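Please look over the sequence and the model shown here before reading on. The report concerns strand arrangement, the surroundings of the ligand and some backbone details.

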Amino acid sequence: MKPIALLISPEAKSAYFKDYLDVAKQELKTVFGDIDVAYKCIGSLDFFHISCAEDDLQRLTRLSFVQGLFSVENEKYIPLDLSGDFPLHADFVFGSKYRGKTNERLTQLLINIGLSSIDATDSSKVKLLDPMCGRATTLLWAMRYGIKAKGIEQDAQALAEIRQSLKKWTKLHRQKHQLKEGFTGKANKKDLGKFLEFNAEGSSMKVIVGDAINANDILKGERFDLIVSDLPYGIQHFTTSNTRNPLAVLKECLPQWKASLKPGGAIVLAFNSYIPKRAELISAFAEQGLAAQDFSIPHRMSESIVRDVVVFKLP
Ligand SMILES: C[S@@+](CC[C@H](N)C(=O)[O-])C[C@H]1O[C@@H](n2cnc3c(N)ncnc32)[C@H](O)[C@@H]1O
């Protein structure tokens, strides 16, 4: 075991604000087990100190809050030449900014927590669904991990914006890829079933226009290891029923989401814990036989949003 210092990224601070240390510690302990973690601040740099096996170093670099790793010898910090080693360029996830985008670091945390809840050893065998995928932040992050991802989005305009941004980053980074577009059923004026599929670096993502309530029908019964989503907060995003409380829509979605999950699969959701309350969410899932796991990272985003993450498993 080696003494290692993990430098906490300023991106994590802006993702989780004043609660970033608690959130980071939860992610670390969930992904790596209940290890001893000591916090140290040097000047304006924040570190977590842990003991870690050589084989785990690479995995540490994929935690959402880690900017870099240092080995610590006699109080000296020696930077390690390690990075997340993602084949697809970071610009595919971070490059395009738009209103309503889920924070990229939070999205990475959701995927990390999801992978650790299903004990995935080979992410290229994992299939992920984001049934309310917006402009595909989750799906593109999943692709960087080698995970095959699909998403559903009610707003047909999202497809054009995703296409535009993919064209930009594939051109700029000379990324070999395939982009396919079409309809899963008959073409129609509302663009329901319209899809865009992006293949690169041996992975793929597909976004289909539709209502998350019909997820399993839209995906023709396909099953996924992970369902990961940032639920509409009701402030920037209105659900299809135009209600500010996503719980009503979620209850309608649950039977089809459950049908889309493989046995042993997990659902990881980010939500504003003011609406719905965590307990309400847990009880709605319990009615469908989905058990909440012991993971919670409440962190304040603004006066009206305390974001939290909840994980459910299908026994
Ligand atoms: C918080 S945003 C997700 C943002 C996304 N993670 C991103 O970074 O682009 C929630 C998304 O859910 C979509 N949505 C809301 N209700 C939906 C429904 N019933 N079916 C499909 N999408 C829905 C909204 O249009 C919005 O794009």
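The sections below take up a sheet, the ligand site, a hairpin and two backbone features in turn.

## The five-stranded sheet

In this predicted model, five strands form an open sheet in the order E2-E3-E1-E4-E5, and their pairing is antiparallel. Because strand E2 (38–42) and strand E5 (76–79) each have a single partner strand, they stand at the edges, and one side of each is left without a neighbour in the sheet. From one strand to the next, the twist averages 35°.

Strand E1 (residues 2–8) and strand E3 (residues 45–52) run antiparallel and are joined by six bridges; Leu7 has Phe47 in E3 as its bridge partner. Helix H2 (residues 20–32) packs on the sheet, where it touches E1, E2 and E3, and its direction makes about 20° with that of E3. In general, strands of a sheet pair through backbone hydrogen bonds, either parallel or antiparallel.

## The ligand and its surroundings

The ligand is surrounded by 23 residues, of which the closest are Thr102, Arg135, Thr137, Glu153 and Ala212. Sorted by class, this shell around the ligand comprises nine nonpolar, nine polar and five charged residues.

Which side chains place an N or O atom 3.2 Å from an oxygen atom, or 2.9 Å from a nitrogen atom, of the ligand? The side chain of Gln154 does so at 3.2 Å from a ligand oxygen atom, while the side chain of Asp211 has an N or O atom 2.9 Å from a nitrogen atom of the ligand. Thr137, one of the closest residues, has a polar side-chain atom that lies 2.5 Å from an oxygen atom of the ligand. Of the 610 Å² of accessible area that the ligand has on its own, the protein covers 97%.

## A hairpin between E14 and E15

Strand E14 (residues 299–302) pairs with strand E15 (residues 305–313) in the antiparallel sense, over three bridges. The two strands are joined by a hairpin through two residues, and Ser302 stands opposite Ile305 in E15.

## Two backbone features in loops

As a general background, most residues other than glycine have a negative phi, and most peptide bonds are trans. The peptide bond from Ile275 to Pro276, by contrast, is cis, with omega near 0°; Pro276 is found in the loop between strand E12 (261–272) and helix H10 (278–287).

Asn74 is not a glycine, yet it has a positive phi of about 50°. Its place is in the loop between strand E4 (66–73) and E5, and E5 is one of the strands at the edges of the sheet.

Methods:
Residues numbered from 1 in each chain as written. Predicted model: local features only at pLDDT ≥ 70, side-chain atom pairs only at ≥ 80, totals over all residues. Heavy atoms only, no water. Pairing = 2+ DSSP bridges. Helix = DSSP H or I, 4+ residues; strand = E, 2+ residues; numbered from the N terminus. Axes fitted to C-alpha atoms, helices over the stretch in contact; angles between N-to-C directions. Contact = heavy atoms within 4.5 Å. Near = heavy atom within 4 Å. Polar contact = N/O pair within 3.5 Å; in protein donor to acceptor, adjacent residues only side chain to side chain. Areas by Shrake-Rupley, 256 points an atom, 1.4 Å probe, with all protein chains shown as cover. Nonpolar A, V, L, I, M, F, W, Y, C, P; charged D, E, K, R; others polar.
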